[in-house]
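Colleague: Please take a close look at the ligand site in this model. After that, go through the cavities and any unusual backbone spots.

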Amino acid sequence: MTNEKTSLWGGRFAGGPADALARLSVSVQFDWRLAPYDIAGSRAHARVLAAAGLLDPDELGQMLAALDDLEAACASGEFRPTIDDEDVHTALERGLLERLGALGGKLRAGRSRNDQVATDLRLYMRDHARGVAQAVVELADALTEQAANNVNTAAPGMTHVQHAQPVTFGHWLLAHVQPLLRDLDRLRDWDARTAISPLGSGALAGSSLPLDPAAVAKELGFTAPAPNSMDAVADRDFVAEFLFITSLIGVHLSRLGEEVVLWTSTEFGWVELDDAFATGSSIMPQKKNADIAELARGKSGRLIGGLVTVLTMLKGLPLTYDRDMQEDKEPVFDAIETLELLLPALAGMISTMTVRVDRLTAAAPVGFSLATEVADWLVRKGVPFRDAHEITGKLVALCSVRECELEDLTDDDLKTVSEHLDPSVRQILTVESALAARTTPGSTGPGPVAEQLAQVQHHLDTWRSWAVEKVVPR
Ligand code: ARG
């Protein structure tokens with residue numbers, strides 16, 4: 001039952017709410033995470049009320065001292081929400097009333113839970129986005145370090161999970177870093193759009209009191225107050241957009257996870273996981289499983305689910321605030337907490353894994369992966385690619401019948417298949433020459449990969465300072 005003494009509403013009601021309503025309505029069990037941000041907003045709001053003459057200097061001093069005390073009590077766990085507190089705002093007003101008596105009731109002037117919760121959530125998310133970014137950077141660092149050790153390691157590049165062309169394993173690992181760099185860019189772009197302060201919008205219409213939304217915005221580290229009070233309390237684009245980014249991060253981690261599952265299989269055997277980052281079986285003593293990689297793959301489901309939840313919840317909502325919007329928070333908390341759990345485990349798994357250079361090198365030429373080199377060799381001799389493709393295809397067909405490799409074909413075989421072929425083609429039939437021939441920017445040769453590596457390292461360095469930035473200045 002909602003506690004009538006601390007409830008933020010009730011004056012016009014004959015009695016208290018039914019238990020079933022109270023139980024459905026309560027959000028404090030999850031929105032308590034917003035408490036420090038709500039207190040930061042309260043501090044800014046108290047100063048604005050004082051500037052407007054609605055709190056005298058003495059009252060402001062008491063108010064700020066009580067907010068500091070409440071903040072410390074929340075942080076230490078000495079002040080906790082009770083189940084009678086409908087939400088974080090109710091609980092904190094109770095805390096303020098306990099400290100200040102009637103004066104505590106002055107802070108709500110000109111403010112609604114609608115502009116408050118939108119503000120709190122923006123602050124919480126901007127703060128935690130930096131933590132997520134930091135964890136993404138750590139995973140990217142781990143991949144980049146492994147890439148640096150494998151700039152010259154040949155591997156069988158694949159399309160359709162079939163051997164396609166030789167690549168360097170460093171290039172492959174960096175192909176998992178590039179999406180993460182884009183994710184970091186997305187987080188920063190999102191952050192700039194999210195740095196708008198809803199406070200001052202009240203329930204929906206703004207306030208008749210002489211508030212100063214720009215001052216509040218500045219104090220809370222926002223770039224500007226919201227341009228439209230109705231939009232400010234109805235908008236959850238920043239939630240949907242963030243959940244898209246976390247979903248996409250989830251998809252990137254899932255694709256990496258799937259590859260690690262393949263790489264660690266007996267069939268591939270390209271990578272061995274460190275014991276500390278692998279799991280065993282309760283029945284099969286020999287097993288060493290890549291559970292972290294599988295959880296990365298599996299958890300992408302819940303991240304995508306959170307995005308779908310919020311988009312579906314929002315899609316038919318009339319302006320402005322509707323209680324449906326209380327459902328926006330759990331997917332956000334879950335996405336952040338999922339990534340905060342997953343990313344360090346993945347980073348540890350990647351940084352400690354052993355790359356089996358011997359197995360990768362041996363696998364690189366398998367499956368006629370040098371066939372394109374032959375076609376390109378013919379093109380350099382002036383043969384149209386269409387014909388070069390046909391000729392090379394015939395060579396592969398011949399090898400398949402004979403169960404041999406391209407370089408095993410005799411001079412006569414070459415001549416028989418095409419007049420354009422001669423024994424000098426064998427020079428390009430090595431993985432090393434195929435890799436060394438790839439010198440254009442962004443390609444897989446050791447030269448361009450070393451350049452890419454330097455760019456990636458530089459890019460990651462620029463992220464480190466952003467990721468530890470403080471969102472709410474004190
Ligand atoms: N717990 C609510 C939420 O998360 C806070 C806003 C409630 N506003 C209201 N008008 N009932 O959305």
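Modeller: Keep in mind that this is a predicted model. I start with the helix that matters for the site by count. Helix α6, residues 113-148, gives the most to the shell around the ligand, with 3 residues. The shell as a whole consists of Ser27, Asp31, Asp87, Arg113, Asn114, Val117, Tyr321, Gln326 and Lys329. By class, these residues divide into 2 nonpolar, 3 polar and 4 charged. Two domains take part. Domain 1 (19-109) supplies at least three residues to the shell, and so does domain 2 (114-204 + 225-363 + 452-467).

Now the polar pairs. Tyrosine 321 has a side-chain N or O atom 2.4 Å from an oxygen atom of the ligand. Lysine 329 also faces a ligand oxygen atom, with a polar side-chain atom at 2.6 Å. Serine 27 pairs with a nitrogen atom of the ligand instead; its polar side-chain atom lies 3.4 Å away. As for cover, the ligand on its own has 350 Å² of accessible area, and the protein covers 86% of that.

One backbone feature belongs with this part of the chain. The peptide bond from leucine 319 to threonine 320 is cis, with omega near 5°. Most peptide bonds are trans. Threonine 320 sits in the loop between α11 (291-314) and α12 (329-352). Lysine 329, one of the shell residues, is where the range of α12 begins.

A second backbone feature is at phenylalanine 368. Its phi is positive, about 55°, although the residue is not a glycine. Most residues other than glycine have a negative phi. Phenylalanine 368 is placed in the loop between α13 (357-363) and α14 (371-380).

Next, the enclosed space. The structure holds 3 cavities of 30 Å³ or more. The largest has about 60 Å³ of space. Its lining is made of His45, Val48, Gly110, Arg111, Asp115, Leu199, Gly200, Leu211, Asp212, Pro213 and Val216. Two elements, α3 (35-51) and α8 (213-219), give two or more residues each to that lining. Sorted by class, the lining has 5 nonpolar, 3 polar and 3 charged residues.

The second largest cavity holds about 50 Å³. Val374, Leu395, Leu406, Leu409, Leu414, Val425, Arg426 and Leu429 line this one. Here the classes are 7 nonpolar, no polar and 1 charged. Arg426 is among the lining residues, and an arginine counts as charged.

To return to your main interest: the ligand shell draws on both domains, and tyrosine 321, lysine 329 and serine 27 each bring a polar side-chain atom to the ligand, at 2.4 Å, 2.6 Å and 3.4 Å.

How values were computed. Residues numbered from 1 in each chain as written. Predicted model: local features only at pLDDT ≥ 70, side-chain atom pairs only at ≥ 80, totals over all residues. Heavy atoms only, no water. Near = heavy atom within 4 Å. Polar contact = N/O pair within 3.5 Å; in protein donor to acceptor, adjacent residues only side chain to side chain. Areas by Shrake-Rupley, 256 points an atom, 1.4 Å probe, with all protein chains shown as cover. Helix = DSSP H or I, 4+ residues; strand = E, 2+ residues; numbered from the N terminus. Domains from an automatic or database assignment. 1 Å grid on protein atoms, 1.4 Å probe; cavity = no way out; pocket = protein on both sides within 12 Å on 5 of 7 lines; lining within 4 Å. Points joined across faces, edges and corners; volume = space filled by probe spheres on them.
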